[in-house]
Amino acid sequence: TRWRACASLFVHVECVMADEQRPTKLPTVPETLLKKRKKLDDVRKARAAAREIGKKIHKQKRTEVFKRAEQYVREYRRREADEVRLRREAKKHGNYYVPQGAKLAFVIRIKGINGVSPQVRKILQLLRLRQINNGVFVKLNKASLSMLRLVEPYIAWGYPNLKSVRELVYKRGFGKVDRRRVPLSDNSIVEESLGKQGMICVEDVIHEVFTVGPNFKQVNNFLWPFKLSNARGGFRKKTNHFVEGGDHGNREEYINNLIRRMN
């Protein structure tokens, strides 16, 4: 029995020594590949987290856009109701209601500048009317009215309503982004360029233009001059003033009919 115990102990010691001397098994997957997989997993998780955050931010912005649009609609309706109420009150008391003077004009260039004075050419450049059928919004004040009178034989202008402003911006609206002409196909374009002024959507641009708000200058500079089509049905006589049966000059609210024909 003692001999058997010694033999078994000897065999056990040999097995342990053989196990210690046996080479360790190398991993079947290289370490570089494992690191690459881990890195890709981390990138995938980061992208998923950023996507979820982007969805939440987009949802919040969308909700804010709808709230602003509803607020603007209520403001426009209240303004129209006030106009009707004041007109009825004036008629009830036998008076005349004189509406507030227009603050916004839409100017369209309808003639070329061959053989004209440098002053007229310079004013058209300042108004950004470098091509025929170009249109721009202009804030009406003493200086702008003087400029419009000087170039009146080459332009048609008037006072646009809300429908005209909205149709122009939505159909032919382009923005100036890094000196490039970019269509206003997404609210993010407006937010990137006019976010400092608190504008996040196209409805903000329309409201600021129509109401001639405090940021009208920045918004108008952001909008590229509108490239309109030739008027359907043509013009009557460009050399005559509108009140004389022609086309150039101030046509007040009738500019909306011309915008419909050229938009």
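**Strand pairing, helix packing and local backbone features**

In the predicted model, strand β2 is joined to β6 by 2 bridges, and the two strands run antiparallel. Within this pair, N134 stands opposite K227 in β6. The pairing belongs to an open sheet of 5 strands, arranged in the order β6-β2-β1-β3-β7 and mixed in its pairing. The edges of this sheet are formed by β6 (226–227) and β7 (249–250), each of which pairs on one side only.

Towards the β7 edge, strand β1 (residues 104–109) pairs with β3 in the antiparallel sense over 4 bridges, and the bridge partner of R109 in β3 is I155. Strand β3 is also joined to β7, in this case by 2 bridges and with the strands running parallel; here W157 has N250 of β7 as its bridge partner. In a regular strand the side chains alternate between the two faces of the sheet. Along β3 (residues 155–158), I155 and W157 point one way and A156 and G158 the other way, and all are buried.

A further strand pair is formed by β4 and β5 (residues 180–183), which run antiparallel and are joined by 4 bridges. Along β4 (residues 174–177) the side chains alternate, with G175 and V177 pointing to one face and buried, whereas F174 and K176 point to the other face and are not buried. The buried residue V177 has R180 of β5 as its bridge partner. The two strands form a hairpin with 2 residues between them, and in this hairpin D178 takes a positive phi near 55°.

Positive phi values also occur in loops between other elements. R128, which is not a glycine, has a positive phi of about 65°, and this residue is placed in the loop between α3 (118–126) and β2 (134–139). V212, likewise a residue other than glycine, has a positive phi near 50° and lies in the loop between α7 (202–211) and α8 (216–222). The relative accessibility of V212 is 12%, and because the limit for a buried residue is under 20%, V212 counts as buried.

Two packed helices are described by the angle between their axes and the distance between the axes. Helix α5 (residues 162–172) packs with α7 at an angle of about 135°, with the two axes 10 Å apart. This angle makes α5 oblique to α7, because angles over 145 degrees would be needed for the roughly antiparallel class and 65 to 115 for the roughly perpendicular one. The crossing of α5 and α7 is right-handed. On the α5 side the contact is made by L162, V165, R166, V169 and Y170, and on the α7 side by V202, E203, I206, V209 and F210.

A polar side chain in helix α4 (residues 142–150) was also examined, namely that of S144. S144 counts as buried, because its relative accessibility is 9%, below the limit of 20% that applies to buried residues. The side chain of S144 reaches the backbone oxygen of K139 at 2.8 Å. When neighbours within four places in sequence are left aside, S144 is in contact with V138 and K139. K139 is thus both a contact residue of S144 and the residue whose backbone oxygen is reached by the S144 side chain.

How values were computed
Residues are numbered from 1 along each chain as its sequence is written. This is a predicted model: local features need pLDDT of at least 70, side-chain atom pairs count only at pLDDT 80 or more; totals for chains, interfaces and linings use all residues. Side-chain values use heavy atoms; hydrogens and water are left out. Buried means under 20% relative accessible area, exposed over 50%, partly exposed in between (1.4 Å probe, protein chains only). Two strands pair if DSSP finds at least two bridges between them. A polar contact is a pair of N or O atoms within 3.5 Å; within protein, one must be able to donate a hydrogen and the other to accept it, and residues adjacent in sequence count only if both atoms are side-chain atoms. Contact means heavy atoms within 4.5 Å. Axes are lines fitted to C-alpha atoms, for helices over the stretch in contact, and angles run from 0 to 180 degrees between N-to-C directions. Angles under 35 degrees count as roughly parallel, over 145 as roughly antiparallel, 65 to 115 as roughly perpendicular and the rest as oblique. A crossing is left-handed if the near helix is turned anticlockwise from the far one by less than a right angle, and right-handed if clockwise.
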